[in-house]
Amino acid sequence: MFDLAIKSNKTVTPQGVRPALVLLKNGQIADVAPPDTAVDCPVIDAHDLTLLPGVTDPHVHINEPGRTDWEGFDTATKAALAGGLTTLVDMPLNSSPVTTSVANFEAKLQATHNQLHTNCGFWGGIVPGNAAEVEGLIARGVLGFKAFLTHSGIDEFPNATEADLRQVMPILARHQLPLLVHCELTTDDAEWKKHDRRSYQNYLASRPKSWEDEAVALMIRLCEEYNCPTHIVHLSSANSIAPLAAAKAKGLPLTVETGQHYLFFTAEEIKDGQTQFKCAPPIREKANNDQLWAALQEGIIDFVATDHSPAPPALKQIETGDFTTAWGGIASLQLALPVLWTAAQPRGATVQDLAKWLSTNPAKLIGQAHKKGQIAKGYDADLVMVDLEKSFRVSEDLIQHKHKVSPYLGRELLGVVEQTFLQGQLVYQRPTFTHLNQGEILTR
């Protein structure tokens, strides 16, 4: 009757963590039964390993086609499986062409052929002059749209202006699709580049919180005006927490993410020349990041996403340590779960919090809340089995990303992913990929 059953003494369900037998059929969870239920199918007994819904990361730069030397679908989705991630959503930039037209989106979809090892959805891009493409991209199946309010680092993806957003937000509101926004309203000031180019504090000062706070304030106003679902990506400024809390209390369709690196690292610990830590907005001081933690635990910040943004080591200026020219982006896709758990556990967070921040709430943003992000009857059987009490040291040989540059190298992390299931099939059993090319393209 069933294809497979997974038994765990620590099954994370919407009702709590409990012993259970999860029954799988045709790629879905057919039932969550008592652990002693008799079944006529193979049973995997996880004993005291924790069974979680597969992780969804809606903020990933896969960089294919066009910049596959940076990452690519094959390496990104393998790294994801090894980290217990079962669903990714690819950002519309860093690939070439960028996903700002239907034709470019078709090229992106072609590039996934025979190298999609996790489920994958796609964001469309909003840039000046592409409003006419929005309806076509929606019809083709993008899950929403991403815009930058500052230079993206990619010349093919210029920042949108308030006027551009006013053109597209009524369309997105009508379709109830989210607009994701990189919130920094920057000013052109290259003065900081004349100072110590290896200084992290110099880089940090060059991207003040005020840039982020002004951009967030703009998006709150536009969200209220158009009632358009609006999502603030990688929040790093704690100054914006209070206005975001007030906007959410008013019932605005506003959601917020932060990144693992803003919760794990602090500016005080980053040494000069350590360009592997460079990202935008930057990793800020401990007092700021403690406030981000509080906002996450209070539900003002909805979830955590990696913003996996890899680049070849030469672009990261690892040898020179030059923050003025290094690519800004942190490679961390495979480590999403253990990084967050390592930082969360000392703060009293529970495994249910982990499921909410990595699975349940991200699934809501991408319109998949009815079938992903929970261990419950009728949901997709995308699952991860983790030893949350076991630690490991991050080393280059463990990392499946194309490039091994990461600020987490050498760190001791808690939470070893033992098995990953996609649509009810065991696709990863540490350290082996048991079934590849099982990922599905997700559309609205």
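In this predicted model, strand β1, spanning residues 4-13, is mostly covered, with 7 of its 10 residues buried. The strand pairs with β2 (residues 16-25) in the antiparallel sense over 8 bridges, and the two are joined by a hairpin of 2 residues. Within this pairing, L4 of β1 has L24 of β2 as its bridge partner. Strand β1 also pairs with β4 (residues 43-45), to which it runs parallel and is joined by 3 bridges; here the bridge partner of A5 is V43. A further parallel pairing, of 2 bridges, links β1 to β5 (residues 50-53), and in this case T11 stands opposite L51.

Helix α1, formed by residues 73-82, is largely enclosed by the rest of the structure, because 8 of its 10 residues are buried. The buried positions are F73, T75, A76, T77, A79, A80, L81 and A82. Their cover is drawn from several elements, including the helix α2 (102-111) and the strands β7 (85-90) and β8 (119-122), together with β16 (412-422), β17 (425-429) and β18 (432-433). Just after the helix, G84 adopts a positive phi of about 80°.

A second sheet is open and consists of 6 strands in the order β9-β10-β11-β12-β13-β14, with parallel pairing. Its edges are occupied by β9 (124-125) and β14 (303-304), each of which has a single partner strand, so that one side of each is left without a neighbour in the sheet. Inside this order, β12 (residues 230-232) and β13 (residues 254-258) run parallel and are joined by 3 bridges, with H231 standing opposite T255 of β13.

Strand β13 also contains V256, which is buried, its relative accessible area being 0%. When residues up to four places away in sequence are not counted, V256 touches H231, I232, L235 and L244, as well as I300, I301, D302 and F303. With respect to G72, V256 is 184 residues away in sequence, and the C-alpha atoms of the two residues are 27 Å apart in space.

Helix α6 (residues 209-226) lies across β11 (179-182), β12 and β13 of this sheet, and runs at about 165° to β12. The packing of two helices is described by the angle between their axes and the distance between the axes. For α6 and helix α4 (residues 162-175), the angle is about 40° and the axes are 10 Å apart. An angle of this value makes α4 oblique to α6, and the crossing of the two helices is right-handed. On the α4 side, the contact is formed by E162, L165, R166, M169, P170 and A173, which meet L218, M219, L222, C223, E225 and Y226 of α6. By residue class, this contact comprises 9 nonpolar and 3 charged residues, with no polar ones.

Terms used:
Residues are numbered from 1 along each chain as its sequence is written. This is a predicted model: local features need pLDDT of at least 70, side-chain atom pairs count only at pLDDT 80 or more; totals for chains, interfaces and linings use all residues. Side-chain values use heavy atoms; hydrogens and water are left out. Buried means under 20% relative accessible area, exposed over 50%, partly exposed in between (1.4 Å probe, protein chains only). Helices (H or I, at least four residues) and strands (E, at least two) are DSSP runs, numbered from the N terminus. Contact means heavy atoms within 4.5 Å. Axes are lines fitted to C-alpha atoms, for helices over the stretch in contact, and angles run from 0 to 180 degrees between N-to-C directions. Angles under 35 degrees count as roughly parallel, over 145 as roughly antiparallel, 65 to 115 as roughly perpendicular and the rest as oblique. A crossing is left-handed if the near helix is turned anticlockwise from the far one by less than a right angle, and right-handed if clockwise. Ala, Val, Leu, Ile, Met, Phe, Trp, Tyr, Cys and Pro count as nonpolar, Asp, Glu, Lys and Arg as charged, and the others, Gly among them, as polar. Two strands pair if DSSP finds at least two bridges between them.
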